[in-house]
Amino acid sequence: MEIVVLPDPDSVARLSAALVADAVRGKAEPVLGLATGSSPLGTYRELRRLVESGALDLSRASGFALDEYVGIPEDHPQSYAAVIRSEVVEPLGMDPARVRVPDGRADDLERACREYEEAIAAAGGVDVQILGVGANGHIGFNEPTSSFGSRTRIKTLAERTRADNARFFDSPDEVPTHCLTQGLATILAARRVVLVAQGAAKATAIGQIVEGPVSARWPGSILQHHPAATVVVDEAAAAELELADYYRFVWEHKPSWQRVEPLPA
Ligand code: F6R
């Protein structure tokens, strides 16, 4: 696992976007794994700058969202289908026909999950998975105690997650109780992972998933087993990293031939 500690959220956005662009460079039909929520918005903003400047073309890219609420109407502004459309597909010039979100409105949810896994496999697997992390350590909506062997399936949202996401809804009661989410094994199968976190509310989760034991109590800790995962955090999110100085030293001394430079401001 590579950990990069940067001064502020803008720096996190510029490096994470550069890492995503680097992972898909030269691929005619790249496959992106897409997170929703606040964390990756800066990454998407910087990717959009690249697309608009002509340096990146995602018109033939496929995308697979991490998760979706169960039972929320597709046209609800907080359905992840709607969020992915407005925050990712449209700004990044992606083809809507190539971007999928788990179908949380399906009559047969288990079948919808199976078909989602099949679609990822048919696309050739995910080239780069963009991730945020929940304050409770979840990635996707793999809440604490999720199986490391899990694939896309239905999960019950943790109370902490529902409380955190209430800000997107008119009232806390409106936050759905269930979701479909890619599993931890699904996420681990991506060829490259870029996780971003900003702010003090994520400091404990980052400390645990990066330096704690690999444990289903902090599901993101499974990324310690990924061969090519980069965790990009700002100073506030790095506050509980015991080895933060070491990570800064590693980043400063990274050999030039290995470096991906942040996008310019
Ligand atoms: C979103 C997702 C979640 C979020 C996490 C952090 O698709 O899968 O794991 O990344 O809940 O949310 P924010 O970024 O809103 O703090």
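How many residues surround the ligand, and which are the closest? In this predicted model, 14 residues surround the ligand. The closest are Thr 36, Ser 39, Asp 67, His 138 and Gly 140.

**Figure 1. The shell of residues around the ligand.** The residues of this shell divide into 3 nonpolar, 8 polar and 3 charged. The ligand that they surround sits in the largest pocket.

**Figure 2. Polar contacts of the ligand.** Three protein residues are shown here, each with an atom facing an oxygen atom of the ligand. In Thr 36, an N or O atom of the side chain is 2.7 Å from an oxygen atom of the ligand. Ser 38 contributes a backbone N or O atom, which lies 2.8 Å from an oxygen atom of the ligand. For Arg 167, a polar side-chain atom lies 2.9 Å from an oxygen atom of the ligand. Taken alone, the ligand exposes 410 Å², and the protein buries 93% of that area.

**Figure 3. Cys 113 and Cys 179.** A disulfide is a covalent bond between the sulfur atoms of two cysteines. The structure holds 0 disulfides. Why does Cys 113 form no such bond with Cys 179? The closest cysteine sulfur to that of Cys 113 is in Cys 179, at 9.3 Å, which is too far for a bond. A disulfide requires the two sulfur atoms to be within 2.5 Å. Seen from Cys 179, the closest cysteine sulfur is that of Cys 113, again too far for a bond.

**Figure 4. Surroundings of the two cysteines.** Are these cysteines buried or exposed? Cys 113 is buried, with a relative accessible area of 6%. Cys 179 is also buried, and its relative accessible area is 0%.

Definitions and conventions: Residues numbered from 1 in each chain as written. Predicted model: local features only at pLDDT ≥ 70, side-chain atom pairs only at ≥ 80, totals over all residues. Heavy atoms only, no water. Near = heavy atom within 4 Å. Polar contact = N/O pair within 3.5 Å; in protein donor to acceptor, adjacent residues only side chain to side chain. Areas by Shrake-Rupley, 256 points an atom, 1.4 Å probe, with all protein chains shown as cover. 1 Å grid on protein atoms, 1.4 Å probe; cavity = no way out; pocket = protein on both sides within 12 Å on 5 of 7 lines; lining within 4 Å. Sits in = over half its atoms within 2 Å of the grid points. Nonpolar A, V, L, I, M, F, W, Y, C, P; charged D, E, K, R; others polar. Buried < 20%, exposed > 50% of the residue type's maximum accessible area, 1.4 Å probe, protein only.
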